[in-house]
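Thank you all for making the time this morning. I would like to walk you through one model, going from its open and enclosed spaces to a few individual side chains.

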Amino acid sequence: MTSPDLSVSSLLNKTRDRLLASGLYLGDSSIVRRLRWVPEGRTHVLVYDPQLEEAEDNAPDNTMQSGDQVGDQTTSPPPKAAELSAIVRIDRDDFWLTADGGYVEPTPMCKELLEVKLSCALTNPAVEPASTDFPTVLQILRQLTGQCVTPGYSSGKSFFSVEKNKPPGFKVRHKLFERIDSVLPGANESVEGASSKDDPFSYRLWPLTKERHRAQLMALQHSHRLCPVPAYDLANDLLIPTTYRSCLQGAIVEIRFTLTHWSIATTKRDVYGGLIQLIRILVPPVPSAAAGNKRKLALHLDVDENPAKKERVN
């Protein structure tokens, strides 16, 4: 386990205290008493309800089954998803949180660029105080997903990281495109004040793994809004898309996300998805050893120089 320096330790402690005060920090085991699943269309969404704590003793069973209705659906306002939070490390290996999710060509799971979902796995940050909290984070998430099930269905494996020889964790995703419902000027802008021709968040300059997909991307600009990852650096500035990998892969971050459940009838599976609401970098990623060992090139080649001269010790 890493021992952080004083400045990092102070930042992590302040962040943890702030998230605890929000009532939605997953490292707090009492959070379950303030959360419930509610139907939203064909899915269920986890919402924050502080009144549940008072009524908990009168509720014999809070397991939500698909098709159940909660409360008076005719008079209740639309539910607002709970913004769960945690302090985690973004996994280096299971990382698809790049500008286009590494899209190369159509696959059975992603037939076109429009269907791309950026994603990454989140693991134990291995620094205190967050490291001690992480097992509780996973325990609470398993408890919450276990409260919303479809009878006769098994749980899908896309949310929790359970691969052999890999650290335990969970996965979150980001929806890259959002349909434009408004015809007002600026309706397709997702970043405040970003409208210049050199806008790094624009369709024209959005990074692609394969430039051949540029025409496919540009065809979406009048019907869909490009949604940058809501990720912020140490100065609290929004990351530009070209820096997602270098700034996020392996970083220790504050993560906020919502949790949704839906059922897949064809495979009889319950699926859970964490949708990213905010990422705030707390500790930047450490460059890999390979990157640090790259040989520097001279600006001028001296063909008369003896290679052994550089290694000679006087």
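Which strand gives the most to the lining of the largest pocket? Before I answer, please keep in mind that what you see is a predicted model. The strand in question is β14, which contributes 5 residues to that lining, and β14 itself runs over 269-283. At least two lining residues each also come from β2, β4, β5, β9 (169-175) and β13 (252-264). The volume of this largest pocket comes to about 1,200 Å³, and among the 33 residues that line it, those closest to its centre are M109, K117, S158, R173 and W262. For anyone thinking about the chemistry of that lining, it divides into 15 nonpolar, 10 polar and 8 charged residues.

Let me turn from the pocket to the enclosed space. The structure has 1 cavity of 30 Å³ or more, and about 60 Å³ of space lies in the largest cavity. Its lining is made up of D91, D94, A121, T123, S161, E163, K166, P167 and K171, which by class gives 2 nonpolar, 2 polar and 5 charged residues. Two strands, β4 (84-96) and β5 (117-123), each supply at least two residues of this cavity lining, and β4 and β5 also each supply at least two residues to the lining of the largest pocket.

Now to a single charged side chain, D49, which sits in the loop between β2 (43-48) and α2 (52-55). Is D49 buried or exposed? D49 counts as buried, because its relative accessible area is 15%, under the 20% cut-off. Leaving aside residues up to four places away in sequence, D49 touches R33, R34 and R36, and the side chains of D49 and R36 are joined by a polar contact of 2.9 Å.

Finally, the aromatic side chains, where the count comes to 4 aromatic pairs. One of them is formed by F159 and F160, whose rings are edge-to-face, at 4.9 Å centre to centre and with 70° between the planes. F159 is classed as buried because its relative accessibility is 2%, and F160 is likewise buried, with a relative accessible area of 12%. Looking a little wider, F159 and F160 belong to one aromatic cluster together with F170 and F257. F170 lies within the span of β9 and F257 within that of β13, if you follow the residue ranges 169-175 and 252-264.

Definitions and conventions: Residues numbered from 1 in each chain as written. Predicted model: local features only at pLDDT ≥ 70, side-chain atom pairs only at ≥ 80, totals over all residues. Heavy atoms only, no water. 1 Å grid on protein atoms, 1.4 Å probe; cavity = no way out; pocket = protein on both sides within 12 Å on 5 of 7 lines; lining within 4 Å. Points joined across faces, edges and corners; volume = space filled by probe spheres on them. Helix = DSSP H or I, 4+ residues; strand = E, 2+ residues; numbered from the N terminus. Nonpolar A, V, L, I, M, F, W, Y, C, P; charged D, E, K, R; others polar. Buried < 20%, exposed > 50% of the residue type's maximum accessible area, 1.4 Å probe, protein only. Polar contact = N/O pair within 3.5 Å; in protein donor to acceptor, adjacent residues only side chain to side chain. Contact = heavy atoms within 4.5 Å. Phe/Tyr/Trp six-rings, centres within 6.5 Å; stacked < 30°, edge-to-face > 60°.
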